[in-house]
Amino acid sequence: MNRRALMLSAGALALSGRTAHAADDVVIGVVYPLTGNGAAVGLDAKAPYEVAADIINGTHAPIPMLMGAGGGLPKLGGAKIKLVFADSQGDPQKARAEAERLITQDKAVAIVGSYTSATGATISQVTERYEVPYLAADNSSPSLHTRGLKWFFRTSPHDEMFTQGMFEFFAGIGAKTGRRVQTVALFYEDSIFGTDSSNVQRKLAEAAGMKIVADIRYRAASPSLSTEAQKLKSANADVIMPSSYTSDAILILKAMAEIGYKPKAIMAQAAGFQESAFLQGAGALAEGAMSRSSFAGDAIKSRPAIVPVNALYKAHNNKDMNDNTSRQITAMLTMADAINRAGSAKPDAIRLALIATDVPGDQTIMPWKGIKFDATGQNTLGTPVMQQISGGVYKTIWPFELAVMEPGWNVGQ
Amino acid sequence: MANAIVKRRRQELVVGGVVLAGLALLPVPIKDVYTQNLIIITVLFAGLAQAWNILGGYCGQISLGHALYFGIGSYVSTLLYLKLGIPPTLGLFAAGIVAGAAALLIGWPCFRLSGHYYAIATVVVGEIGYLLFLNWDFVGGATGVFIPFKGESWAELQFKTAKLPYHFVVLAFAAATWLAAFWLEGSRWGFAWRAVKDDVVAARSLGVNIFASKMAAAALSGGFTGMGGALYAQYVGYIDPDSVLAGHFSILIALPAVLGGVGTLWGPLIGAAVLIPASELSRSYLGGSGRGVDLMLYGGLIVLVALARPQGLVSLFNWRRKSDVPAA
């Protein structure tokens, strides 16, 4: 290509760029750890947001859900959503600086993020000060929504709701089979995730009249968990409740198998237990283990949008949607819907529209009852599901109306 | 000779004043909050690196556990503020005192070790501190501590979106550490510490109290680092063990001084002025791609400086080296 042709095509590009943007783009900032600790999850989060933006902006066959028609934001003259990604490196200070940059330089009208609780804490503080909505897609620490923030919203259930779901499941299966959970063993890593999770489990187990026969806190990413496995064996609880990341999850299953201990039931606080690396690494040892999830990829009857959205996602990332990525897509669609209903890209109008959000569950890809924020900004209808590994994949077993198989329940036998 | 030293010190003080005035005036042309934030973090790290330099540079005791003092400082001022309502402007000094005391407490057993053994001990002590805070519920444990915004206040160092107040606060902090280092260079203490750094046996034979010198350097260094931690906590509004006590933070504190020039007055500031913007800008404008290009650039820069200028970046401005270095 000679210089003239190059200049002509560059000019044409510039022109087409201008005419394509009849309505101004609506900029949404997306903050994740793209490098450093947590980068694996953060990098995985790029694809779901891009897919969500494609669903909102692109032209495709209508998908039976919120913002599933495509073609931009109708009430803003077909304006497109434009995503700007920023890297927090999982560091609260950097997350804060990035959120500030997105708001002041990129003119983001809303921020979505951010996986880790620590970065969620500082981003939501920046958005509060700049009066821009922050929508937490996947931060699940209960400490986040109890700080009296006006601009904080969270579509995802938090850990208390997840744990509440576990105990509702225990009650439900106990009533159904007559074999009730009497004793539980808590097993959790020592960072914010495990600590928060075990605190709620302890509280709810006591409230349900269950006896905690083991309460084991371990150092995250331990080289060996054989002492802990021995303790779990001697306690022999009805249900072991682990809050662990991937490598620890594999390690504890192997350590229990080595000493010949087969637990009656395992109910995991997702995390490591939901990772595909865990399913591969633990193999047959994981069979029968249960975990909470906020996503039920098999609930395609009651959530018809799952199939087309997953097809789009798979085309983009060559993976199926999981617990995290489905929540991220849902958060972006919720935000786009609010901006559309607001009919404006002004942050205060978006905030009011978010407050007024009332989306029924079947308009999403989530097994939730729906999306509706309370005064603290928490979605109160984000009810979790329980899943069990059967044949190497997770299958939904609770709520019973969404279940695709009968739970394998060995407690009391 | 004595006159030359006095003259040179006077010159440095003038240069210090000019640099301070220049930094203080930066927000006049720079209105963008992101850049202002970058300057604040850079100046804060310049102060922290200077604090590290007092012990690691002048006294030659390489500490890789300064995150502990930083973390202690940030927790002391934050907890005093949240639990007892003591404003961080006062808590800042409490943070310095407690962190300095911690440095003494740790120095007591650790200064019996020398060289690499001391450096390793500081790593271990830092890690112990991290684990203690991680498992200590009273200080928020792994959940960390969130500092709510209660409205604009100078006493509480809380500002809604304004960056200017923090600009001056961290500048005052960095200037204080610089002045401390400047004073040291010309004082009896400073000479004693540098003697300890160069040759312990020779220093002792000249009547220098080795242990007391190391302890004093540690207390001053730890105290300033703690004050920096208190400012960080109030600026960011959230602290948890991972962000203020983790081991990599100790490296981040030492790195600007090492890169800029260990045991020099200007090394920490020059190092911070190169390192922090390099890391922040590359993350902000390249990090979004998620390919780690920013970290490669950052790492490459450090390697480049270490290879080309092992004495530190400060040696690029070698106006004083000619008179300092005796003919070999």
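**Figure 1. Chain B, with its 14 helices and two strands.** This is a predicted model, and chain B is a handy place to start looking around. The radius of gyration of chain B is 20 Å, close to the 20 Å that the globule rule gives for 328 residues, so chain B is as compact as a globular protein of that length. Taken along the principal axes, the C-alpha atoms of chain B fill a box of roughly 60 × 45 × 40 Å.

**Figure 2. Helices H2 and H9 of chain B, side by side.** H2(B) covers residues 33-58 and H9(B) covers residues 210-236; their axes come within 8 Å and cross at roughly 165°. An angle over 145° counts as roughly antiparallel, and that is why H2(B) and H9(B) get this description. Their crossing is left-handed. On the H2(B) side, look for Leu44(B), Gly47(B), Leu48(B), Ala51(B), Trp52(B), Ile54(B), Leu55(B) and Tyr58(B). Facing them from H9(B) are Ala217(B), Ala218(B), Leu220(B), Ser221(B), Phe224(B), Thr225(B), Gly228(B), Leu231(B) and Tyr232(B). Sorted by class, this contact has 13 nonpolar and four polar residues, with no charged ones.

**Figure 3. Helix H7 of chain B meets H9(B).** Here we stay with H9(B) and bring in H7(B), residues 188-198. The two axes come within 10 Å and cross at roughly 110°. Angles of 65 to 115 degrees count as roughly perpendicular, so H7(B) is roughly perpendicular to H9(B). H7(B) brings Trp189(B), Ala192(B), Trp193(B) and Val196(B) to the meeting, while H9(B) brings Ile210(B), Ser213(B), Lys214(B), Ala216(B) and Ala217(B). By class, that adds up to seven nonpolar, one polar and one charged residues. If Ala217(B) rings a bell, it should: Ala217(B) is also among the H9(B) residues that meet H2(B).

**Figure 4. Chain A and its two assigned domains.** Moving over to chain A, we find 13 helices and 14 strands. The C-alpha trace of chain A spans about 75 × 50 × 40 Å along its principal axes. With 413 residues, a compact globule would have a radius of gyration near 22 Å, and chain A agrees with its 22 Å. Each domain is pieced together from two stretches of the chain: 3-157 + 301-382 for domain 1, and 160-293 + 386-402 for domain 2. The C-alpha centres of these two domains of chain A lie 31 Å apart. Where they touch, nine residues come from domain 1 and nine residues from domain 2. The domain 1 side of that contact has three nonpolar, five polar and one charged residues.

**Figure 5. Where chain B touches chain A.** In this view, 28 residues of chain B are in contact with 33 residues of chain A. Four helices of chain B each supply at least two residues of the side that touches chain A: H2, H10 (241-244), H12 (267-286) and H13 (293-308). H2(B) gives the largest share, three residues. By class, the chain B side has ten nonpolar, 13 polar and five charged residues.

**Figure 6. Helix H4 of chain A packs with H2(B).** H4(A) runs through residues 92-104, and the axes of H4(A) and H2(B) are 9 Å apart at an angle of about 155°. The two helices are therefore roughly antiparallel to each other. The contact is made by Ala97(A), Glu100(A), Arg101(A) and Thr104(A) of H4(A), together with Val33(B), Tyr34(B) and Asn37(B) of H2(B). That gives three nonpolar, two polar and two charged residues.

**Figure 7. Some backbone oddities in chain A, beginning with Gln89(A).** Most residues other than glycine have a negative phi, and most peptide bonds are trans. Gln89(A) is not a glycine, yet its phi is positive, about 55°. You can find Gln89(A) in the loop between strand S2 (81-87) and H4 of chain A. Further on, a cis peptide bond joins Gly113(A) and Ser114(A), with omega about -10°. Ser114(A) lies in the loop between strand S3 (110-113) and helix H5 (117-130) of chain A. There is also a cis peptide bond between Trp398(A) and Pro399(A), where omega is about 0°. Pro399(A) is found in the segment after strand S14 (393-398) of chain A.

Note on methods. Residues numbered from 1 in each chain as written. Chains lettered and ligands numbered in written order. Predicted model: local features only at pLDDT ≥ 70, side-chain atom pairs only at ≥ 80, totals over all residues. Axes fitted to C-alpha atoms, helices over the stretch in contact; angles between N-to-C directions. Parallel < 35°, antiparallel > 145°, perpendicular 65-115°, else oblique. Left-handed = near helix turned anticlockwise from the far one by under 90°. Contact = placed C-beta atoms within 7 Å. Nonpolar A, V, L, I, M, F, W, Y, C, P; charged D, E, K, R; others polar. Domains from an automatic or database assignment. Rg over C-alpha atoms; globule rule 2.2 N^0.38 Å.
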